Amino acid sequence: MQDILKPIQMPKPVALILLNWNTPVHTANCITSIKEHCDEKLFDIIVADNGSTDGSLTLLQDQFPDLIYIDNKENLGFAEGNNRALQYSIDNVYIYSLVMNTDTSVDEDIVSALSIHLNNHPEAAAVQPAIYWMHNKTRIWNGKGCFNPALGLVYSYNKMPPSFTRPAVYKIAKWVTGCCMMIRNNAITDAGMFNKQFFLYYEDVELSFRLRKAGYETHYLPGCKMYHEAGVSAKVEAKKKEGTLSPVIHYYVTRNRLWFLRGYGALAFYPVYIIGSLLYYLSLLVYFLLRGRNEKARFLIKGLKDGFFTPKSLIWLKNTQ
């Protein structure tokens, strides 16, 4: 059972959720930018800590004592770690939940822009801004979420929007990213939260498809922006033989992509998915072996095995399909 520490507060429409795992500096920088640029009358910040081992929770509580803190006590992954905060948001009658990565920053009031959009578009369950690279603020890291059902490709359309794009302009997307997505809490109640079996990666895509299956739309606001460093929690402290990306990431990305296709791909294109996946992952496996990255190769093989052969009944539990 997680601990929840919170000050006395008045109800606000938005619960802004930050999931911390051993990244107190990034989380603090994110909070500072939010407080500087966003209207705090609209939101409460909820920091959920996923069992950090570096004293993150105490450091953040000392620096920002006015926030709400949830101590998950263990690493529950992105999906279930955020679910604990989403449940708090629903239980405390917030209208919207804004899930944000901690390695992000803002320079405009995205909380107002995203909440106004959902206020004006009841057909939308969730909305995301244009997310630019932190190190190159002229390039988009994640834009309109797309899916090619014939090839089984999940991708982001990252074309730069015109400089004169009005804030109210939006596009209907196939999915929105968990890096920054504002979700209507009523829609979560209808369709369910993140599927905790995914742990991390593709949990946002899977939830988006489930929300759309429930009759909602997912929207992209190209005129609203934020910035993302990308992959902070997935990196190892120092570059080693296996590279800077943690080997276990290949397990989750591989497994969860296959799970997603098994759940939402078109049955007629299954042969394409299987052949395409085997060709791609075989070439990746050969690359890892040639570079001596044996741990990555091992996690890739395990991801393929679990991705293809885990029973659907163990992937999609109650209220997640």
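**Reading a predicted fold, step by step**

Modeller: Let's start with the inventory: the protein chain has 10 helices and 15 strands. Keep in mind that this is a predicted model.

Colleague: How compact is the protein chain for its length?

Modeller: You set the radius of gyration against a rule for globules. Here the radius is 19 Å and the rule gives 20 Å for 321 residues, so the chain is as compact as a globular protein of that length. Along its principal axes, the C-alpha trace spans about 55 × 40 × 40 Å.

Colleague: And what share of the residues is buried?

Modeller: Buried means under 20% relative accessible area. By that cut-off, 53% of the 321 residues are buried. The chain exposes about 15,000 Å², with 59% of that supplied by carbon and sulfur atoms.

Colleague: What do the contacts say about sequence distance?

Modeller: Take contacts between residues at least 6 apart in sequence: 77% of them join residues at least 24 apart.

Colleague: Let's zoom in on one helix. How does the reach of α3 relate to its expected span?

Modeller: You go from the first C-alpha to the last. Helix α3 covers residues 77-91, and its 15 residues reach 21 Å, close to the 21 Å expected at 1.5 Å a residue.

Colleague: Is α3 mostly covered or mostly open?

Modeller: Mostly covered, with 11 of its 15 residues buried. Among them are Phe 78, Leu 86 and Tyr 88, but also Glu 80, Asn 82 and Asn 83.

Colleague: Which residue just after α3 takes a positive phi?

Modeller: That's Val 93, with a phi of about 60 degrees.

Definitions and conventions: Residues numbered from 1 in each chain as written. Predicted model: local features only at pLDDT ≥ 70, side-chain atom pairs only at ≥ 80, totals over all residues. Heavy atoms only, no water. Helix = DSSP H or I, 4+ residues; strand = E, 2+ residues; numbered from the N terminus. Expected span 1.5 Å × (residues − 1). Buried < 20%, exposed > 50% of the residue type's maximum accessible area, 1.4 Å probe, protein only. Rg over C-alpha atoms; globule rule 2.2 N^0.38 Å. Contact = heavy atoms within 4.5 Å. Areas by Shrake-Rupley, 256 points an atom, 1.4 Å probe, with all protein chains shown as cover.
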